[in-house]
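Q: Could you take a close look at one part of this model for me, the cysteines, and then walk me outward from there? I'd like one connected answer rather than a list.

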Amino acid sequence: DTTLIISNISNGRVQLLNLSTGCLRSFVNHTATVRKIRMYNGEIVTSGWDGCVRFTNYLSLEQRMVLTDRTMGRCPFFNISPDGRYLFSFSYDSDLIPLGVANSVRKWSLITGKLLKVLAASTEIKGTPRSGSIMIHRGRIYVCGDSGFFRVFDIETGKLIKEIKTDSDFRSMTSLIHYHYLLASDWEGHIHVFNLLTNRIEDKLKCHRTDILCIRVHPKYPDIIITSSSDGVIKFWRMPGFVLINTIMVNHHDLWSMVFINDRLVAGNIDGEIGVYDISDVGNILRKGRLFISDQSFVVQALGSKMFFTNDISTMEVYREKEKQKIAGKEAEYLLDQGNNLLVLKELFGIKDKPNGHLTGGADFIPLLTESLG
């Protein structure tokens, strides 16, 4: 139903914004920040810094199941087996047991919720970075993480099939099954190319100045890879060969995550802004607008328009465009009421609806976020 699911780094709140209706819901089941979200069988599956994986019903927002144990540290990542039988969680168990334990992968039964196995994702901690990722393919679990470990396990037995030690601290991972590759990023801006046929890391490419936080495959063009980094840049690469074909300078650091909605790339950053880009033509990427969200309020602004949409008009202020003078009272209320339009939200995210002709706006005023939100 075109709902964007959002978490932040300051608390355990998860927000659900319906892009068709403007309805904003939220729940707080975690006691600390949520770092991974996935929809599965009508439930929102989340993992976070409280060392838990939690299942929450999408409609009622009631928690159904919690996967954790007393030695499970912060959990930045999980993955679910294709047959839906197992969930594999990655955690920093050294948080709780400083000596002799580093990163762990736990195998959970999704039928009973019981812990089945604990696999060692690494055997030592060499540095301060913390990160890890899990991919599942054809009966094998591929795990990379900090301390330079890349490991392959049998999904049923948990047996270690392959281990590669590197000098890199791995960050995230994605798959290019049609090229028989797994792509693993690190904190130094490299992407490591793991060949699924040879079980070897065959290349290491410098793609960003610093850590690559997210790697995505273009939803329409499977030969195009999109990367985002703490250097504030989103890059588009053509495969094979990693040919750089376009770049977005976001001007915000720590581009944590990217998702796709229709022909839009939606990218969140550490400053609380969610940018929206039209990527239907990768040779001509267009910035469409931005979304700001707080606990119970959000504001959407379309680029080049004085129209906006918010569920809480008190988050907006109005200024005259030429004098930069604040407008108050009844005039401000009238202008804000005239400028607040749900179609801005729909068109920004490519939700099909007939435009009403008012999105460009003609008044000589500027709607701005108040300091409390923006």
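A: Cysteine 207 comes out at 4% relative accessibility, so it counts as buried, the cut-off being under 20%. Keep in mind that we're looking at a predicted model here. Cysteine 144 sits at 1% relative accessibility and counts as buried as well. Neither cysteine 144 nor cysteine 207 is in a disulfide. For cysteine 144, the nearest cysteine sulfur belongs to cysteine 214, 13 Å away. For cysteine 207, the nearest cysteine sulfur is again that of cysteine 214, this time 14 Å away. A disulfide needs the two sulfur atoms within 2.5 Å, so neither distance qualifies. And if you search the whole structure, you find zero disulfides.

Now to the strands. There's an open sheet of four, running β16-β17-β18-β19, and the pairing is antiparallel. The edges are taken by β16 (170–176) and β19 (200–206), and each has a single partner strand, so one side of each is left without a neighbour in the sheet. On average, neighbouring strands in this sheet are turned by 25 degrees against each other, direction ignored. As a reminder, strands of a sheet pair through backbone hydrogen bonds, either parallel or antiparallel. Within this one, β17 (residues 181–186) and β18 (residues 190–195) pair in the antiparallel sense over five bridges. If you want a spot to zoom in on, try serine 185, which stands opposite isoleucine 191 in β18.

From there, have a look at histidine 137, which is found in strand β12 (residues 132–137). Its relative accessible area is 18%, and the cut-off for buried is under 20%, so histidine 137 is buried. What does histidine 137 touch once you leave aside its neighbours within four places in sequence? The contacts are Tyr142, Ile177 and Leu196.

Last stop, helix α1, which spans residues 329–339. Its buried residues are Ala332, Leu335, Leu336 and Gly339. These four cover an arc of only 100 degrees around the axis, which puts them on the same side of α1. Swing round to the other side of α1 and you'll find Lys330, Glu333, Tyr334 and Asp337, which are exposed. So the helix has a buried side with Ala332, Leu335, Leu336 and Gly339, which cover that arc of only 100 degrees, and Lys330, Glu333, Tyr334 and Asp337 exposed on the other.

Key: Residues numbered from 1 in each chain as written. Predicted model: local features only at pLDDT ≥ 70, side-chain atom pairs only at ≥ 80, totals over all residues. Heavy atoms only, no water. Pairing = 2+ DSSP bridges. Helix = DSSP H or I, 4+ residues; strand = E, 2+ residues; numbered from the N terminus. Axes fitted to C-alpha atoms, helices over the stretch in contact; angles between N-to-C directions. Buried < 20%, exposed > 50% of the residue type's maximum accessible area, 1.4 Å probe, protein only. Contact = heavy atoms within 4.5 Å. Arc of directions from axis to C-beta.
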